[in-house]
Amino acid sequence: KREAAEIEKQLKDVTPPKFPGKRTVWNGFERYDFDVDGKPVSVVAPKIVAPGTPWVWHGEFFGHKPAPDIALLGRGFHIVSMSVPDLLGSPPAVALWNKCYAELTGKYGFAKKVALVGLSRGGLYCYNWAAANPAKVACLYADAPVCDFKSWPGGFGHGKRSDRDWQLVLERYGFKTDEEAKAYAKNPVDNLAPLAAAKVPLLHVFGDADDVVPWEENTGLIAERYPKLGGSIQLIRKPGVGHHPHGLD
């Protein structure tokens with residue numbers, strides 16, 4: 001009882017941050033939409049902020065299958081999304097995320113370590129930012145994630161080719177040729193050592209019949225390589241499920 005009373009006191013002592021921009025209601029919680037460095041940022045605020053002001057940051061597709069977010073809001077987490085589509089986790093995307101992180105932690109007192117959520121192509125955003133900022137990551141949850149752009153959108157393995165998105169990879173990463181892109185050594189599957197050294201725990205959800213972002217070329221390689229580097233990863237397999245549906249209930 002004493003412990004419960006102390007936790008309740010801590011919760012009451014936390015002052016919720018005030019955010020600028022448009023205010024709406026999202027699944028019963030206050031949502032604020034404003035710009036950081038000219039890019040749209042959405043913050044959904046809990047009714048009672050947990051001690052330390054923890055937060056969840058989505059790489060892409062915020063709002064899809066929101067049950068885990070709603071549950072975490074109920075536990076005092078903020079939910080954050082920065083809209084930088086078509087950057088596919090490239091260095092410009094990482095730079096924009098750095099500015100968003102600085103704004104939220106510096107101006108609004110968010111926790112220095114954030115929980116990342118990478119759904120599909122959002123995996124490129126989360127993993128690439130995490131590898132560049134491993135000390136700032138609490139954990140990473142990836143759902144049918146792209147972990148190697150050669151698999152998708154490149155389609156150089158068993159993944160499905162997306163010509164439009166592959167052209168974006170070449171442009172956003174600054175590659176002059178397909179061969180230069182194939183030789184890139186910092187796809188998530190190749191760049192796990194910083195996360196393992198920082199002891200960032202990983203959770204991957206995947207469909208073992210995914211023919212768009214095949215798990216063997218993405219989640220499978222992470223699951224094989226990360227433990228060898230000393231990292232911890234948990235897998236949730238969806239037997240017979242393809243790339244869709246995403247999410248957890």
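## Exposure and the overall fold

A residue counts as exposed when its relative accessible area is over 50%, as buried when that area is under 20%, and as partly exposed in between. Lys-107, at 57%, is therefore exposed. That scale runs through this report on a predicted model.

The protein has eight helices and nine strands. Its radius of gyration is 18 Å, close to the 18 Å that the globule rule gives for 249 residues, so the protein is as compact as a globular protein of that length. The C-alpha trace spans about 60 × 40 × 30 Å along its principal axes. Of the 249 residues, 49% count as buried. Contacts often reach far along the chain: among those between residues at least 6 apart in sequence, 69% join residues at least 24 apart.

## Surface and charge

The protein exposes about 11700 Å², and carbon and sulfur atoms supply 54% of that area. There are 31 positive and 28 negative charges. Their mean positions are 6 Å apart.

Side chains of opposite charge can pair when their charged atoms come close. A search of the whole structure finds 16 salt bridges.

## Salt bridges across the sequence

Asp-37 pairs with Lys-99, with 3.1 Å between the closest N and O atoms. Asp-37 sits in the loop between β2 (29–36) and β3 (39–45), while Lys-99 belongs to helix α3 (residues 91–107), so this bridge ties together parts that are 62 residues apart in sequence. Asp-37 is partly exposed, at 46% relative accessible area. Lys-99 is also partly exposed, at 43%.

A second bridge joins Asp-249 to Lys-65, with the closest N and O atoms 3.7 Å apart. This pair links distant parts of the chain, 184 residues apart: Asp-249 in the segment after β9 (233–238), and Lys-65 in the loop between β4 (55–58) and α2 (67–74). Asp-249 is exposed, with a relative accessible area of 87%. Lys-65 is partly exposed, at 34%.

## A bridge within α3, and a network

Lys-107 forms a salt bridge with Glu-103. Their closest N and O atoms are 3.9 Å apart. Both residues lie in helix α3, four residues apart, or about one turn of the helix. An α-helix has 3.6 residues a turn, so residues three or four places apart point the same way. Glu-103 is partly exposed, with a relative accessible area of 25%.

Elsewhere, salt bridges that share partners join Asp-86, Arg-121, Arg-164 and Asp-165 into one network.

## Helix α5 and its packing

Asp-165, from that network, is one of the buried residues of helix α5 (residues 163–173). The others are Trp-166, Leu-168, Val-169, Leu-170 and Tyr-173. The buried residues of α5 pack against α3, α4 (122–132) and α6 (178–182). Just after α5, Gly-174 takes a positive phi of about 80 degrees.

## Contacts between β9 and α8

Leu-235 lies in strand β9. Leu-235 is partly exposed, at 38% relative accessibility. Leaving aside residues up to four places away in sequence, Leu-235 touches His-204, Phe-206, Thr-219 and Ala-223. Leu-235 and Phe-206 are 29 residues apart in sequence, and their C-alpha atoms are 7.8 Å apart in space.

Thr-219 belongs to helix α8 (residues 219–228). Thr-219 is buried, with a relative accessible area of 1%. With the same sequence neighbours left out, Thr-219 touches Pro-145, Cys-147, His-204, Phe-206 and Leu-235.

## Backbone exceptions

Most residues other than glycine have a negative phi, and most peptide bonds are trans. Lys-65 is not a glycine, yet has a positive phi of about 50 degrees. Lys-65 also takes part in the bridge to Asp-249. Ala-144 has a positive phi too, of about 45 degrees. Ala-144 is found in the loop between β7 and α5, and is buried, with a relative accessible area of 5%.

Where are the cis peptide bonds at Pro-153 and Pro-245? One joins Trp-152 and Pro-153, with omega about 5 degrees. Pro-153 is in the loop between β7 (137–143) and α5. Another joins His-244 and Pro-245, with omega about 0 degrees. Pro-245 lies in the segment after β9.

Key: Residues numbered from 1 in each chain as written. Predicted model: local features only at pLDDT ≥ 70, side-chain atom pairs only at ≥ 80, totals over all residues. Heavy atoms only, no water. Helix = DSSP H or I, 4+ residues; strand = E, 2+ residues; numbered from the N terminus. Rg over C-alpha atoms; globule rule 2.2 N^0.38 Å. Buried < 20%, exposed > 50% of the residue type's maximum accessible area, 1.4 Å probe, protein only. Contact = heavy atoms within 4.5 Å. Areas by Shrake-Rupley, 256 points an atom, 1.4 Å probe, with all protein chains shown as cover. Lys, Arg positive; Asp, Glu negative; His and termini not counted. Charge placed at Lys NZ, Arg CZ, Asp CG, Glu CD. Salt bridge = Lys/Arg side-chain N within 4 Å of Asp/Glu carboxyl O.
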